[in-house]
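Work through three short exercises on the structure below. Try each task before you read its solution.

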Amino acid sequence: MSGAQQGQQVTHSGFVAIVGRPNVGKSTLLNRMVGQKVAIVSSRPQTTRNRVLGVLTKGECQMVFLDTPGLHAPKNKLGDFMMRQADSAVRSVDLAVLVVEPSDKTEEAELAVLRRCGCPVLLAINKIDTVKKETLLSVIAAYAAVFDFAAVVPISALTGEGVEELWQELASRLEEGPAFFPEDAVTDQTERQLVAEFIREKALRTLDKEVPHGIAVEIETFEQKSEDLVHIGAVIYCEKESHKGIIIGKGGSMLKKIASAARTDMERLLGCRVYLEVFVKVKLNWRQSDAFLKNMGYVE
């Protein structure tokens, strides 16, 4: 992450919501902005469940980004919670960025959240490395016809193209104000929250069909055994007994694959070796359980 330059004091700051449909690259953009992985990323829609906060302090500016769940029609209480998170974010920030793919088809979910924004909204057209200029111009025209954006910035969150220009557009619109977080902060998430999300991310990338959306991860133990070793015990909850077998895999092969990939990210985050134990438990229809959702932190 690029911290504030030595000797400079933050004089402009603000909260920025990143909104958009599922799988348009919001979390990838957040990670690219702050220069570190603070939000999990997968090719599956609706990966982000809570608002994920990322902090970028650069020069005299500090931006606090809120990566919100993808805009979609909810099908259960977890989905309802996710949409309330997105709606709450756009009502309480100083700036918003609508991230879209290079398609000229606007959707009502996007327009509805734009109408509720009480702040300037910038349009970030992502994945421009996948389309021709003519397509990009068509997308710009389509979105300009339905909303008065403060700025339109074509970007590739994956390669970084246009991201600096987006930062400059945001920085030019920040109000005067002090820093909300220390200059070296990149997120408000705890290490326990981050490692739980790393496990969920690897499951999202590894498992098939509906199973990934029916899982939740809880960290039961997080112990610093020595200066160079952390012991982490985690539970993956799923909604059906048949899903448990899929997650574990033949001879435990699938669970080992998920845990091994997650451990790599954990060791990078924590800067030491990680001994990781992961178990799988069935919690029937947990996405419809108010008590379980609250216990897992899915609360307003």
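Contact here means heavy atoms within 4.5 Å. Keep in mind that this is a predicted model.

**Exercise 1. Place N126 and list what surrounds it.**

Step 1. Find the segment. N126 sits in the loop between β5 (121–125) and α4 (133–144).

Step 2. Leave aside neighbours within four places in sequence. N126 then contacts V24, G25, V99, V100, E101, P102, I155, S156 and A157.

Step 3. Is N126 buried or exposed? Buried means under 20% relative accessible area. N126 has 3%, so N126 is buried.

Step 4. Look for a polar partner. A polar atom of the N126 side chain lies 2.9 Å from the backbone nitrogen of A157.

**Exercise 2. Describe how α1 and α5 pack.**

Step 1. Take the geometry. Helix α1 (residues 26–34) and helix α5 (residues 163–171) have axes 11 Å apart, at an angle of about 80 degrees.

Step 2. Name the arrangement. Angles of 65 to 115 degrees count as roughly perpendicular. Therefore α1 and α5 are roughly perpendicular to each other.

Step 3. Find the residues that meet. From α1 come L29, R32 and M33; from α5 come V163, L166, W167 and L170.

Step 4. Sort them. The contact has 6 nonpolar residues, no polar ones and 1 charged.

**Exercise 3. Trace the largest nonpolar core.**

Step 1. Count. This core has 29 residues. L29, M33, F65, L166 and L170 have the most contacts inside it.

Step 2. Which element gives the most to this core? The answer is α5, with 5 residues.

Step 3. Follow one member. Beyond four places in sequence, L166 touches L29, M33, V97, L122, A124, V153 and I155.

Step 4. Check for another core. A second, separate one has 26 residues, including I199, L207, C238 and V274.

Key:
Residues are numbered from 1 along each chain as its sequence is written. This is a predicted model: local features need pLDDT of at least 70, side-chain atom pairs count only at pLDDT 80 or more; totals for chains, interfaces and linings use all residues. Side-chain values use heavy atoms; hydrogens and water are left out. Helices (H or I, at least four residues) and strands (E, at least two) are DSSP runs, numbered from the N terminus. Buried means under 20% relative accessible area, exposed over 50%, partly exposed in between (1.4 Å probe, protein chains only). A polar contact is a pair of N or O atoms within 3.5 Å; within protein, one must be able to donate a hydrogen and the other to accept it, and residues adjacent in sequence count only if both atoms are side-chain atoms. Axes are lines fitted to C-alpha atoms, for helices over the stretch in contact, and angles run from 0 to 180 degrees between N-to-C directions. Angles under 35 degrees count as roughly parallel, over 145 as roughly antiparallel, 65 to 115 as roughly perpendicular and the rest as oblique. Ala, Val, Leu, Ile, Met, Phe, Trp, Tyr, Cys and Pro count as nonpolar, Asp, Glu, Lys and Arg as charged, and the others, Gly among them, as polar. A nonpolar core is a set of buried Ala, Val, Leu, Ile, Met, Phe, Trp, Tyr and Cys residues joined through side-chain atoms within 4.5 Å.
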